[in-house]
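Dear colleague,

I am passing on the structure we spoke about, and below it you will find my notes on what turned up when I went through it. Please read them with the structure open beside you.

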Amino acid sequence: MQGDTRKPMTPEEFDAACRALVRRVPELSCTSGARSEGRNEALRASPASKHLIDMARDYAAPKNVLQNGLGQSRILGLWGLIHGEGANEHLHVQGLPPGDVPLWWADKYGQREQE
């Protein structure tokens, strides 16, 4: 995507963007938000998952709705992707880019990924 202007969101901005996403695509159903380390491990999710700091959410819906949700999530400044297979296919969105949480963000919001 040329000229990507997305920036890390505050927790409040992320929550507002997720609420706006569901208003724009009401067929989306939130299936996962904040997770404990144990729940994250049980799901075999990445140890760097933004779910661990409540900056990621997953949504279930039919495939065509997931595609619309992905497009709307990008408009709202979220990072997103559709992943999973079959009945587990879902839209994952997050308010921080993939990779390590920026240190300034972790310092400001008091949430650091484990090193």
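Asp54 is partly exposed, because its relative accessible area of 38% falls between the limits of under 20% for buried and over 50% for exposed. Please keep in mind throughout that this is a predicted model, and that the values below were computed from it.

Asp54 sits in the loop between helix 2 and strand 2, and although Asp54 is not a glycine, its phi is positive, at about 60°. Arg44 belongs to the loop between helix 2 and strand 2 as well, and Arg44, again a residue other than glycine, has a positive phi near 60°. With a relative accessible area of 79%, Arg44 is exposed.

A further residue of interest here is Leu52, which is found in the loop that runs between helix 2 (37-42) and strand 2 (56-60). Leu52 has a relative accessible area of 29% and is therefore counted as partly exposed. Once residues up to four places away in sequence are set aside, the contacts of Leu52 are with Arg35, Ser36, Glu37, Asn40 and Pro47. For Ser36 the separation from Leu52 is 16 residues in sequence, while the C-alpha to C-alpha distance is 6.2 Å.

Turning to the pocket, the largest one holds about 470 Å³ of space. It is lined by 21 residues, of which Arg35, Ser49, His51, His83 and His92 are the closest to its centre. Strand 1 (29-32), strand 3 (79-83) and strand 4 (90-94) are the elements that give two or more residues to the lining of this largest pocket, and strand 3 provides the largest share, with four residues. By type, the lining of the largest pocket is made up of eleven polar, six nonpolar and four charged residues.

The nonpolar core is the next point. In soluble globular proteins, nonpolar side chains tend to be buried together. In this model the largest nonpolar core has 23 residues, and those touching the most other members are Leu21, Leu28, Met55, Tyr59, Leu78, Leu91 and Val93. At least two residues of this core come from each of helix 1 (11-24), helix 3 (63-75), strand 4 and helix 4 (103-109), and helix 1 gives the most, with five residues. Tyr59, one of the core residues named above, is in contact, leaving aside neighbours within four places in sequence, with a set of residues that includes Cys18, Leu21, Val22, Leu28, Cys30, Leu66, Leu91 and Val93. Ser29, Thr31 and His90 are also among the contacts of Tyr59.

Two of those contacts, Cys18 and Cys30, lead to the question that you may wish to ask at the bench: how many disulfides does a search of the whole structure find? The search finds zero. Cys18 is in no disulfide, and the nearest cysteine sulfur, that of Cys30, is 7.4 Å away. Because a disulfide is taken here as a pair of cysteine sulfur atoms within 2.5 Å, the distance of 7.4 Å does not qualify Cys30 and Cys18 as such a pair. In their surroundings, Cys18 is buried, with a relative accessible area of 1%, whereas Cys30 is partly exposed, at 47% relative accessibility.

With best wishes

Note on methods. Residues numbered from 1 in each chain as written. Predicted model: local features only at pLDDT ≥ 70, side-chain atom pairs only at ≥ 80, totals over all residues. Heavy atoms only, no water. Buried < 20%, exposed > 50% of the residue type's maximum accessible area, 1.4 Å probe, protein only. Contact = heavy atoms within 4.5 Å. 1 Å grid on protein atoms, 1.4 Å probe; cavity = no way out; pocket = protein on both sides within 12 Å on 5 of 7 lines; lining within 4 Å. Points joined across faces, edges and corners; volume = space filled by probe spheres on them. Nonpolar A, V, L, I, M, F, W, Y, C, P; charged D, E, K, R; others polar. Core = buried A, V, L, I, M, F, W, Y, C linked by side-chain atoms within 4.5 Å.
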